[in-house]
Each structure stands twice: as C-alpha cells, then as structure tokens.
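The exercises below are meant to be worked through with the sequence and the coordinates open side by side. Try each task before reading its solution.

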Amino acid sequence: MDETLSPTPTAPAADTPERRESPRRVAVASFIGNTIELYDFFIYGMAAALVLDDVFFPNLSPLNAMLASFSTYAVAFLARPIGSIVFGHFGDRVGRKTVLVTSLLLMGVSTALVGLLPGYATLGSWAPLLLVMLRFLQGIGIGGEWGGAVLLAVEHAPPGKRGLYAAFPQLGPPVGFSAATGVFWLTSASLDEAAFASWGWRVPFLLSFLLVAVGLVVRLKISETPVFARSVAERAASRAPLLELLRRHTRELLLGAGAMAVVYALFYTSMTYGLSYTTNSLGVPRNTMLALSLVACLFLAAGIWFSATRSDADGRRRLVLSGCGLAAVWSLLLFPLLDTGRPVLMALALGGALFCLGVTSGPMGAYLPELFPARVRYSGASLAYNLGGVLGGAVSPLVVPRLQSGFGSTSVGWYVCGMAVISLLCVRALPETRERELG
C-alpha cells in the first residue's frame, strides 16, 4: 500500500525546512502551552478531592460519593488514548502546530464549562452526567497535548540537547499543578466554608477562559517543526499513522506505556488521593495540605530538570530506571510519613514522592519521541504516554480508596511499589535512544 502523502495545503508555506525557528523560543512556547493545559487538568483533580462529591453526589454515602467523584476524575484517563489517536493522526499528517492549537481550545473550553455547570441540587441526575461528559472532553484534549508539546521542543532542538529542550514542556506539570494548587489555596483562604462550597471552587475553572486566550497567542506565533516540514517536502508522511504504528512499532508502544504507569500512579496517590485522605481521614486542615502540595511541586520540578538535562550525557534509560527504583522504595514510606500528621514529615513524604516522579518522567519528553520514527512519532509518543495514564491514572482512583478502606494505608504503598516494578521492567526491555537521529 502506498503510504506517502502529497504535501498538504494546510501546512503553511512559511514552515519549510529552510525556516529555522529559535529552539529556545519554541521550548518556552511549549512550556507555556503545556502548563496551561495541565493547569486545566489538575484543577479538576483538586476539586474532585475537595468538593465535587458534595456538589454532584450529595445523595450517596461519604465513601461512595468520594468513589464517584474520583471515578469522574478517572474518566479523562480513559479518554486520553482516544485523544492521542485522533490528534496523533492529524499531527502526523497535517502538522504539530495546528493540532496543538485545537487541543488547547478543546481543553480550555471544556474546563471553563465545568465552572458554569449547576450541581445536583439544580439539575438532578443530569448534573453528574454532564460533568462526566466535560471531563471526557478534557481527556480528549489533554490526550493530544503532551505529544505535540514535546515534539515541538524535541524536533527543534539542536543535536545533543534534546533532553534539555524537552525539559521545558516537562516542567508544565509541576508549574501547572502549582498554579492550580495556588489558585485553590487563595480561593479557600479568602472565603468561608459555605462560600467556597457554593461558588468559590468554580473560580479556578473560570480562569481557564483567560488562560486559553494567552495560550493561543503564544502557539499561533511559532512555526512548524523542521522534521515534519521536511517529511512533507519529501512526501514521506504516513497516510494511516495508527495502523503503521500498530503494525511496526507495537513493542515500543506497549513498553513505553508500561514505563509511564508509575508516573501516573504515584502522582494520583500522593497528590490527589493524598489530599483527600489527609483532609478527610486524618483531619489535616485543607489549607495546610494545599500549602504542602505547593512545596512538593518544587521537588517535582527539581527532579524533572535534573534527570531531563542529565539524560543528554548519561542516557535516558539509565535515569528512568533510577527513578523507577527510587519510586518503588519511597512508595512504601509515603503513607507512614503522612500518617504522622506532622507537617514537616508530611512535606517530606510528598516532596520525596514527587522528586522520584520527576526523575522518572523528566527524560520521557525526549525518550518516548525517540522510540518512534517521524512518520508516526506524534501518534506513538502520545499513545504510549496516555496508555500509561490508563494503567496508572484510571485504575488507581478505583483501586486506591478501596485498598485503604479495606486494608489500610500500607496496602496503598505496596500497590504503588508494584506499579514501579512494572515500569522498571518495561524500561529494562527498551533500548537507549540518546544517539538516535530524529529523521
């Protein structure tokens, strides 16, 4: 079958292989766009831990309401692979830039609409149904975001510095989470409990309208990557990226997804479920936990920057293996430290967990794209990244509360440890990619 594609008329004439965008400018643009989308994604997790159970599931018991709230959180992880397939298809055929603008719009609008959605008291059973639909659309949007953001940085990066430039979009999660936490903290600290539960929690969602406008201005100013422009000029783009990916690169796809599983499991367990567990079960004040979460994000950013930049010299595989090993050990310390209820030890618990996460995820911005050829790189990197989210991010919200309820917090640590071991074994089966040409 002929798998070439004539140059698409949607690719801007200016985005030719001869046009060289500043790699630093592209890296910063990738960072800003990814941060905005991750802010949108994370504020839902915050709301799910703090307030959505009361607003949308008041007719359920406290445990079932919490499970229902976290189930809506998990819906986005099931939608993310679909977003990867859809946006990956067009990202490999039409271009990285165009797809990223679309994903930003979808993510931002669906997030803002959550802030406008009436609760169960007004709409009855329609309220949680519409909430699930908006969360699903969030998942579709974020499913196409990460792959395009890292490809913009990696495919513009100079030789030998792909890890460094990929570190910029990889910093989107800690900065986006910090922004989400900070906005929730300010809102919570400024309002009494009744006002926060009534309308205050909606403010972080409504801010998405403004952030989307900022993101669009940034993304519309950057050019297409030289790697994709060259692929179009050489008539080498794939007609059916997903089919080609599944036919020729299944092993890399599945192992890459397994490598990402612990990243999602550790983040959900420490930051989303950990927020709910400490405030509801341990009685720690909400503002205290939000402040500790902000401190922990500094450790996440430090881990990402250290491992991503070092991966250019030491190799991606070595650093990801180290992160998985650290995560396996620290996951067993996470809840014993949280259970002390002492802020210093709780900060150590969360900061250590996020540092391990950062070391693991930092090189992934370069590692996953390097596993796949340019013809299917958007599809391959995005789908691997988000299938890992199904295993680590969609399953965890359903498993972790039940483990804690039935067997105590220690069992949750062993669950995350098991996920870390799975990821470690997947990375061991993958090759080193630092010296590979991107094509």
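The radius of gyration is taken here over C-alpha atoms, and the rule for a globule is 2.2 Å times the number of residues to the power 0.38. The model examined is a predicted one.

**Exercise 1. Overall form**

Decide whether the radius of gyration of the chain agrees or disagrees with that of a compact globule.

Solution. Begin with the length of the chain, which is 439 residues, for which a compact globule would have a radius of gyration near 22 Å. The chain has 21 Å, and therefore its value agrees with the rule. For the outer dimensions, take the principal axes, along which the C-alpha atoms fill a box of roughly 60 × 45 × 35 Å. Then turn to the contacts with a separation of 6 or more, of which 86% join residues 24 or more positions apart.

**Exercise 2. Secondary structure and one helix**

State how many helices and strands the chain has, and compare the span of helix α6 with the expected one.

Solution. The count gives 21 helices and zero strands. Helix α6 covers residues 126-156, which is 31 residues, and from its first C-alpha to its last it reaches 46 Å, close to the 45 Å expected at 1.5 Å a residue. As for its surroundings, α6 is mostly covered, with 24 of its 31 residues buried.

**Exercise 3. Surface and charge**

Find what share of the residues is buried and what share of the exposed area carbon and sulfur atoms supply.

Solution. Of the 439 residues, 61% count as buried. The chain exposes about 15800 Å², and carbon and sulfur atoms supply 68% of that area. On the charges, there are 32 positive and 25 negative ones, and their mean positions lie 3 Å apart.

**Exercise 4. Two residues in their settings**

Determine whether Ser 379 is buried or exposed, do likewise for Asp 312, and list what each of them touches.

Solution. Ser 379 belongs to helix α19, residues 377-394. Its relative accessible area is 3%, so Ser 379 is buried, the cut-off being under 20%. Leaving aside residues up to four places away in sequence, Ser 379 touches Gly 88, His 89, Asp 92, Pro 241 and Leu 245. Asp 312, in turn, is found in helix α15, residues 286-314. Asp 312 has 17% relative accessibility and therefore also counts as buried. With the same exclusion in sequence, the residues that Asp 312 touches are Gly 160, Lys 161, Arg 162, Gly 163, Leu 164 and Arg 434.

Definitions and conventions:
Residues are numbered from 1 along each chain as its sequence is written. This is a predicted model: local features need pLDDT of at least 70, side-chain atom pairs count only at pLDDT 80 or more; totals for chains, interfaces and linings use all residues. Side-chain values use heavy atoms; hydrogens and water are left out. Helices (H or I, at least four residues) and strands (E, at least two) are DSSP runs, numbered from the N terminus. Buried means under 20% relative accessible area, exposed over 50%, partly exposed in between (1.4 Å probe, protein chains only). Contact means heavy atoms within 4.5 Å. Accessible areas come from the Shrake-Rupley method with a 1.4 Å probe; for residues, only the protein chains shown count as cover. Lys and Arg count as positive and Asp and Glu as negative; His and the chain ends are not counted. The place of a charge is taken as NZ of Lys, CZ of Arg, CG of Asp or CD of Glu. The expected span of a helix is 1.5 Å times one less than its number of residues.
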